[in-house]
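Student: I have a new structure to look at, and I would like to understand the words people use for it. Could we go through them together?

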Amino acid sequence: MCFVEAADKAYRDMRTLKCDQSIIVSGESGAGKTESTKYILKYLTESWGTHAGPIEQRIVECNALSQSAHH
């Protein structure tokens, strides 16, 4: 499943099932995890941000959290 499909499914499931969703981006050093995460966050905020309300800001903020956990 490509990252856009994963992001879309996670968001739709969160809205439909009313439960939290996670997307795990894993791989070796230099595999593009950070870039993939950025694309996922961009997709979620651009595609659903106007309809998502406060979730948009929470998604954007999680990028800083994911980066701090990584280092």
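Tutor: Let us take the terms in turn and test each one against its cut-off. Keep in mind that this is a predicted model.

Student: What makes the pattern of this chain α-α-α?

Tutor: The chain has 3 helices and 0 strands. Reading along the sequence therefore gives α-α-α.

Student: How many salt bridges are there, and what makes the pair Arg12 and Asp8 one of them?

Tutor: There are 3 salt bridges in the structure. For Arg12 and Asp8, the distance from N to O is 2.8 Å. The cut-off is within 4 Å, between a side-chain nitrogen of Lys or Arg and a carboxyl oxygen of Asp or Glu. Arg12 and Asp8 are at 2.8 Å, so the pair counts as a salt bridge.

Student: Where do Arg12 and Asp8 sit in the chain?

Tutor: Both belong to helix H1, which covers residues 3-17, and they are 4 residues apart. That puts about one helical turn between them.

Student: Why is Asp8 called buried?

Tutor: Asp8 has a relative accessible area of 16%. Buried means under 20%, so Asp8 earns the word.

Student: And Arg12: buried, exposed or partly exposed?

Tutor: Its relative accessible area is 44%. Exposed would need over 50% and buried under 20%, so Arg12 is partly exposed.

Student: How do you know that Asp13 and Lys9 form a salt bridge?

Tutor: Their side chains meet at 2.5 Å, N to O. With a limit of 4 Å, the pair therefore qualifies. Asp13 and Lys9 are also 4 residues apart in helix H1, about one helical turn. Lys9 has a relative accessible area of 42%, which makes this residue partly exposed.

Student: What makes Lys38 and Glu35 a salt bridge?

Tutor: Here the N to O distance is 3.4 Å. That is within 4 Å, so the name fits here too. Lys38 and Glu35 lie in helix H2, residues 33-52, and are 3 residues apart, about one turn of the helix.

Student: Why are Lys38 and Glu35 called partly exposed?

Tutor: Lys38 has a relative accessible area of 41%, and Glu35 also has 41%. Partly exposed lies between the 20% and 50% cut-offs, so both residues fit.

Student: What share of the whole chain counts as buried?

Tutor: Of its 71 residues, 21% do. The accessible surface of the chain comes to about 5,300 Å², with 54% belonging to carbon and sulfur atoms.

Conventions
Residues are numbered from 1 along each chain as its sequence is written. This is a predicted model: local features need pLDDT of at least 70, side-chain atom pairs count only at pLDDT 80 or more; totals for chains, interfaces and linings use all residues. Side-chain values use heavy atoms; hydrogens and water are left out. Helices (H or I, at least four residues) and strands (E, at least two) are DSSP runs, numbered from the N terminus. Buried means under 20% relative accessible area, exposed over 50%, partly exposed in between (1.4 Å probe, protein chains only). Accessible areas come from the Shrake-Rupley method with a 1.4 Å probe; for residues, only the protein chains shown count as cover.
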